[in-house]
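Here's a quick briefing on one structure, meant to be read with the model open beside you. Take a look first, then we'll go through it topic by topic.

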Amino acid sequence: MNFDSTSKLTIKNHISSIGATIDGIDLENTKNTETLKALFNAFTMHRLVVLKRQRLTVKQQIKFSRLFGPLENFPTPEDRAEGNENVLRVTNIERDSNKI
């Protein structure tokens, strides 16, 4: 991923819990390392960041996640998103029926 300094990041602390929500970034179309530094600093400070309105493929998500360090493997195939061992499938939708 590239990062763009023209991004206008806003970081809002989660008052009653850990973490922060970050708005004002498009992870697909950014090009500057200053934005990456801001994201990394927010992650280091808050331990959890929520990046809303992102449309990343599994491959893009992996590429972005690797910027923060090595990824964990999920050995059970049912737990993998799109069969990728580095992305945990988290959903309330059943695979076979698409029911909630």
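Which residue in β2 is the bridge partner of K12? That would be T21. Keep in mind that this is a predicted model. The notes below start from that strand pair, move on to a histidine, H46, and finish with the largest pocket.

**The β1–β2 hairpin**
- β1 covers residues 10-13 and β2 covers residues 20-23, and the two strands run antiparallel, paired over 4 bridges.
- Between the strands of this hairpin sit 6 residues.
- G19 in this hairpin takes a positive phi, near 100 degrees.

**H46 and its surroundings**
- H46 belongs to helix α1, which spans residues 33-46.
- Buried or exposed? H46 counts as buried, because its relative accessibility is 12% and the cut-off for buried is under 20%.
- If you skip neighbours within four places in sequence, H46 has contacts with I11, N13, I18, G19 and A20.
- G19, the residue with the positive phi in the hairpin, is thus also one of the contacts of H46.

**The largest pocket**
- Its volume comes out at about 400 Å³.
- The lining is made up of 15 residues, and those closest to the pocket centre are Q61, S65, N86, V87 and L88.
- Both α2 (58-66) and β5 (84-88) supply at least two lining residues each.
- α2 provides the largest share of the lining, with 4 residues.
- Sorted by class, the lining has 9 nonpolar, 4 polar and 2 charged residues.

Methods
Residues are numbered from 1 along each chain as its sequence is written. This is a predicted model: local features need pLDDT of at least 70, side-chain atom pairs count only at pLDDT 80 or more; totals for chains, interfaces and linings use all residues. Side-chain values use heavy atoms; hydrogens and water are left out. Buried means under 20% relative accessible area, exposed over 50%, partly exposed in between (1.4 Å probe, protein chains only). Contact means heavy atoms within 4.5 Å. On a 1 Å grid over the protein atoms alone, a cavity is a set of points where a 1.4 Å probe fits but cannot get out, and a pocket is an open set with protein on both sides within 12 Å along at least five of seven lines; lining residues have an atom within 4 Å of a point. Grid points are joined across faces, edges and corners, and a volume is the space filled by probe spheres set on the points. Ala, Val, Leu, Ile, Met, Phe, Trp, Tyr, Cys and Pro count as nonpolar, Asp, Glu, Lys and Arg as charged, and the others, Gly among them, as polar. Two strands pair if DSSP finds at least two bridges between them.
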